[in-house]
Structures are given as C-alpha cells and as structure tokens.
Amino acid sequence: MKDQELQTLIDELETRSDLGPADYDGVGHALVFLLPEVADETKNLMEAVSSADGAIHVVDQAYPNWSIHIRGRANDKDGHWNCTLREGGMRDNDDVMGAGRSPVLAHAIIAAVFRLTASIKRL
C-alpha cells in the first residue's frame, strides 16, 4: 500500500461520518496490510473499524500497554473526537505516536492506528 493510498483512507475516516460498506472494506484491507497479525485475530474486520469497542480492541491487539487518550464533545448530529496513541502516557518524549480526529469516535481511533503504524514501519 502506498503512502498516498493510506493518506486517502485516513482523510476519508477523518472527514466523513457516513462511510459505506465499500469504504469499510478498503479500511479493512488497509488493516490487513498494515497489521496482518491483528487482522488474523480479528474475526469481524467491519465491526473492528466501525465501532468504538472494535477499534479499541484493534489498539489492544496491535499496541498492548500503550495509552489511548480520547477527547471529544458529543452533539446532536455527530461528535468531535480526537484520539492519541502514546507509548509513554502523558510525557512528550515518545519516539512515535498516532493521532486521529473525526466526527465518529471509531474512525478517529483507526486513523490514529494507521498513522502510528505507518510511522513505526518507516523507522
């Protein structure tokens, strides 16, 4: 998967709140490409990338013992969510971290996973 393809998926996750089955299929394929060991253990990739519980399970499988920081504000139409994945908790001395933001909490978490994984694979 090329960097531009991954960035396009992240952009979709972060800007749209109404992804369809084909969009989730693309996100699932990216998860299989970036984290095959997690995808093998995840029975339902659609659930993993479309629900907050599923997305947190992906983080737990891919990055155990990492901190998940979620900030957001819920409102009538959609939320405004930010997710940060950090190895060291609250300090600013992590070598890499992942960040995502989206109107949908699950999308913000998966965007953070994608950014973190891409950064780690580049090292």
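## Strands and how they pair

Two strands pair if DSSP finds at least two bridges between them. Helices (H or I, at least four residues) and strands (E, at least two) are themselves DSSP runs, numbered from the N terminus. With that in hand, look at Ser67: its bridge partner in S2 is Arg86. What you're looking at is a predicted model, where local features need pLDDT of at least 70 and side-chain atom pairs count only at pLDDT 80 or more, while totals for chains, interfaces and linings use all residues. Residues are numbered from 1 along each chain as its sequence is written, and side-chain values use heavy atoms, with hydrogens and water left out.

## The sheet

Now for the whole sheet. It's an open one, built from three strands in the order S1-S2-S3, with antiparallel pairing. Strand S1 (67-73) and strand S3 (97-102) sit at the edges, each pairing on one side only. On average, neighbouring strands are turned by 10 degrees against each other, direction ignored; that angle comes from axes, which are lines fitted to C-alpha atoms (for helices over the stretch in contact), with angles running from 0 to 180 degrees between N-to-C directions.

Let's walk across it. S1 and strand S2 (residues 80-86) are held in antiparallel pairing by seven bridges. Besides the Ser67 pair, you can find Arg73 standing opposite His80 in S2. On the other side, six bridges join S2 to S3, again antiparallel, and here Arg86 has Met97 as its bridge partner in S3. So Arg86 is a handy landmark, because it is the bridge partner of Ser67 and of Met97. In a regular strand, side chains alternate between the two faces of the sheet.## Two helices crossing

Helix H2 (residues 21-34) and helix H6 (residues 105-122) have axes that come within 11 Å and cross at roughly 35 degrees. The crossing is left-handed, meaning that the near helix is turned anticlockwise from the far one by less than a right angle (clockwise would be right-handed). Which residues of H2 meet H6? They are Tyr24, Val27, Ala30, Leu31, Phe33 and Leu34, and they face His107, Ile110, Phe114, Thr117 and Lys121 in H6.

## Tyr24 and His107

Zoom in on two residues from that list. His107 counts as buried at 0% relative accessibility, and Tyr24 is buried too, with a relative accessible area of 12%. Buried means under 20% relative accessible area, exposed over 50%, and partly exposed in between (1.4 Å probe, protein chains only).

Contact means heavy atoms within 4.5 Å. Leaving aside neighbours within four places in sequence, Tyr24 is in contact with Leu19, Met46, Val49, Ser50 and His107. Tyr24 and Val49 are 25 residues apart in sequence, yet 7.0 Å apart in space, C-alpha to C-alpha. His107 also touches Val49, and its other contacts include Leu13, Arg16 and Ser102.

## One aromatic pair

A search of the whole structure finds one aromatic pair. The rings of Tyr63 and Trp66 have centres 5.2 Å apart and planes at 55 degrees, so the pair is tilted. Here, rings of Phe, Tyr and Trp (its six-membered ring) pair if their centres lie within 6.5 Å; planes under 30 degrees apart count as stacked, over 60 as edge-to-face and the rest as tilted. Tyr63 is buried at 9%, and Trp66 counts as buried at 16%.
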